[in-house]
Amino acid sequence: MALLEVEMSLYEAILARRSVRSYKTQPLEKGIISSLLEAAIRAPTAMHGEPWGFVIIEDKQLLRSLSDQAKPMLLRMMHHHQQAFKLFELPGNQNFNIFYNAGTLILICGDTKIYSSEADCWLAAENLILAACAMELGSCIIGCALPILNLAETKIKLGIPQDFTVVAPIVIGYPDDTPMPTSRKHPRILSSIPIGEVNYSH
C-alpha cells in the first residue's frame, strides 16, 4: 500500500508525542486509518503470533453512548482509586466525554489464545500513536474505557469475538490545542555492568 509522507523522524515523533484531549470536528482524511494500521502491525510479535485485531469506530452517537455507559463505572472506581483519575474531568459531569469528542476510536484487541497477546498489542499501540504523531494527528489512550468495552454485551455490539479482549482503546483526530510538554524523571538505572566485570567461573 502507498504510505503517507511525513516530515518527522522517528526520534522526533517519540519526543513530540503528547496525549491530546481536545479535538477538532474535522474527520480523518481518506487513507489515514489504513496507514496507521499498517504501522501498528509492523510491531514486534512473539513467535510471529500477530494476535491483534482492530475495531474502527467513527460513529459519534455510538461513542457518546459508550461514554455515557462508562461514566457510572468510572465513578465507582474513583471512589476507591481517586488518584488514578486526577487528570480527568469529573465523570459525573453530564457533558464529559471520556473520548474527548474525538471522531475516531481505534480498538486494538488481542486474541487470548495466542502467547504474549497483550504485550504484542501494546507494542502495536505504540507504533500507531507514534505514526499518528508523525502525521500531525493527536492521539490518546483511553484506558478507563476498558471496563465497558470488555463487557460481553458491548463486545457483541462491536463485533468483537468472544476469544478477543480489548487491550488498547486509542482516540485519533486533529488536535484542537497543543499540549504542553510534560517532564520525565531521569532513567532509573538499576545496574550497569561493564564488559569483563562478571566472573563466570563460579
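Which strand does β2 pair with over 8 bridges, and in which sense? Keep that in mind while you load things up, and remember that you are looking at a predicted model.

**Stop 1: the strands**

Select residues 104-111, which make up strand β2. Now add residues 164-173: this is strand β4, and it pairs with β2 in the antiparallel sense over 8 bridges. There's your answer. Next, bring in residues 52-57, strand β1, which pairs with β2 over 6 bridges, again antiparallel.

Zoom in on G110. In β1, look for W52, whose bridge partner in β2 is G110. Then look in β4, where G110 has T165 as its bridge partner.

Stay on β2 and show its side chains. In a regular strand the side chains alternate between the two faces of the sheet. Here, T104, I106, I108 and G110 lie on one side, with L105, L107, C109 and D111 on the other, and all of them are buried.

**Stop 2: the core**

Now pick I98, F99, L107 and I142. In the largest nonpolar core, which has 28 residues, these four touch the most other members. Colour β1, α3 (60-80), β2, α5 (146-149) and β4, since each supplies at least two residues of this core. Helix α3 gives the largest share, 5 residues.

**Stop 3: a ring pair**

Select F96 and Y100. How do their rings sit relative to each other? The ring centres are 6.3 Å apart and the planes are at 80°, so the pair counts as edge-to-face. Both F96 and Y100 are buried.

**Stop 4: charged partners**

The model has 5 salt bridges. Try these:

- D111 and K113: their closest N and O atoms are 3.0 Å apart. D111 is buried at 10% relative accessible area, whereas K113 is exposed at 58%.
- R64 and D68: this salt bridge spans 3.8 Å, N to O. The two residues are 4 apart in helix α3, so about one helical turn separates them. R64 is partly exposed at 27%, and so is D68 at 37%.
- R42 and E38: their side chains meet at 2.7 Å, N to O. R42 is exposed, with 63% relative accessibility.

Before moving on, add K71 to your selection: salt bridges with shared partners join R64, D68 and K71 into one network.

**Stop 5: out on the surface**

Finally, switch to a surface view and select L10, Y11, I14 and L15. Together they make a nonpolar surface patch of about 450 Å². L15 belongs to helix α1, residues 10-16. Is L15 buried or exposed? Exposed, with a relative accessible area of 52%.

Key. Residues numbered from 1 in each chain as written. Predicted model: local features only at pLDDT ≥ 70, side-chain atom pairs only at ≥ 80, totals over all residues. Heavy atoms only, no water. Patch = residues over 30% accessible without salt bridge, like charges linked within 9 Å, V, L, I, M, F, W, Y side chains within 5 Å. Areas by Shrake-Rupley, 256 points an atom, 1.4 Å probe, with all protein chains shown as cover. Salt bridge = Lys/Arg side-chain N within 4 Å of Asp/Glu carboxyl O. Buried < 20%, exposed > 50% of the residue type's maximum accessible area, 1.4 Å probe, protein only. Phe/Tyr/Trp six-rings, centres within 6.5 Å; stacked < 30°, edge-to-face > 60°. Pairing = 2+ DSSP bridges. Core = buried A, V, L, I, M, F, W, Y, C linked by side-chain atoms within 4.5 Å.
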